[in-house]
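Here are my comments on the model you sent, set out as numbered points that begin with a turn and then move to the helix and the core. Please read them beside the coordinates.

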Amino acid sequence: MKFLLPLSLSLLTLLSFSPSAQAQTAPAVAQAATNGTATAQFKTSAVCDMCKARIEKSLAYEKGVQSAVLDVPTKVLTVTYRADKTTPAALRTAVQKTGYDADEFTADARAYNRLPDCCKKTNAVH
Ligand SMILES: [Cu+2]
């Protein structure tokens with residue numbers, strides 16, 4: 001086991017150099033975090049992949065939205081957005097105007113009525 005010690009020491013020396021190389025990328029990550037990017041999640045009334053496509057597309061057009069991903073089995077929509085451009089309330093309203101419930105807020109009735117039958121919330125997830 002003795003011969004392993006010099007090896008592990010030299011490995012440690014090597015490893016101690018790598019953080020300095022990574023230090024150059026670290027500020028960029030920190031900047032992105034302070035850039036005002038935030039994440040919000042809403043429980044929707046989506047029931048299928050058509051709902052998923054509809055909601056994700058609708059949210060993609062919303063101001064300040066960077067990404068919107070709906071998980072159909074859980075109906076949870078995850079939105080990444082610029083906190084200086086929009087708010088969770090505005091995003092929630094966008095979901096409602098697309099015809100879906102967002103958390104305890106009910107879907108816009110006219111938008112909901114325009115949804116195809118398979119996307120009505122009386123249906124189970126399918
Ligand atoms: Cu649907």
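1. Strands S2 and S3 form a hairpin with 4 residues between them, and one residue of that turn, Lys 75, has a positive phi of about 65°. The model is a predicted one, and this value should be read in that light. The two strands, S2 (65–71) and S3 (76–82), pair in the antiparallel sense over 6 bridges, and Asp 71 has Val 76 in S3 as its bridge partner.

2. Lys 75 deserves a second look, since its positive phi occurs in a residue other than glycine and its place is in the loop between S2 and S3. Is Lys 75 buried or exposed? Lys 75 counts as buried, because it has 20 C-beta neighbours inside 10 Å, and 20 is the number at which the buried class begins.

3. Asp 103 is another residue other than glycine with a positive phi, here near 55°, and it is found in the loop between H4 and helix H5 (109–114). With 14 other C-beta atoms within 10 Å, Asp 103 is classed as partly exposed.

4. The geometry of H3 agrees with expectation, because its 12 residues should span 16 Å at 1.5 Å a residue and its end C-alpha atoms are 16 Å apart. Within H3, the residues Cys 51, Arg 54, Ile 55 and Leu 59 are buried. These four cover an arc of only 120° around the axis, which puts them on the same side of H3. An α-helix has 3.6 residues a turn, so residues three or four places apart point the same way. The face turned away from the buried side of H3 carries the exposed residues Asp 49, Ala 53, Lys 57 and Ala 60, whereas the buried residues of H3 pack against S2, S3 and H4.

5. The largest nonpolar core has 20 residues, of which Ile 55, Leu 59, Leu 77, Val 79, Leu 91, Val 95 and Tyr 100 touch the most other members. Two or more residues of this core come from each of strand S1 (37–43), helix H3 (49–60), strand S2 (65–71), strand S3 (76–82) and helix H4 (88–97). In soluble globular proteins, nonpolar side chains tend to be buried together.

6. Which residues does Tyr 100 contact, leaving aside its neighbours within four places in sequence? Tyr 100 is in contact with Cys 51 and Ile 55, with Val 95, and also with Thr 44, Ser 45, Ala 46 and Ala 107.

Terms used: Residues numbered from 1 in each chain as written. Predicted model: local features only at pLDDT ≥ 70, side-chain atom pairs only at ≥ 80, totals over all residues. Core = buried A, V, L, I, M, F, W, Y, C linked by C-beta atoms within 7 Å. Buried ≥ 20, exposed ≤ 12 C-beta atoms within 10 Å, placed from the backbone. Contact = placed C-beta atoms within 7 Å. Expected span 1.5 Å × (residues − 1). Arc of directions from axis to C-beta. Pairing = 2+ DSSP bridges.
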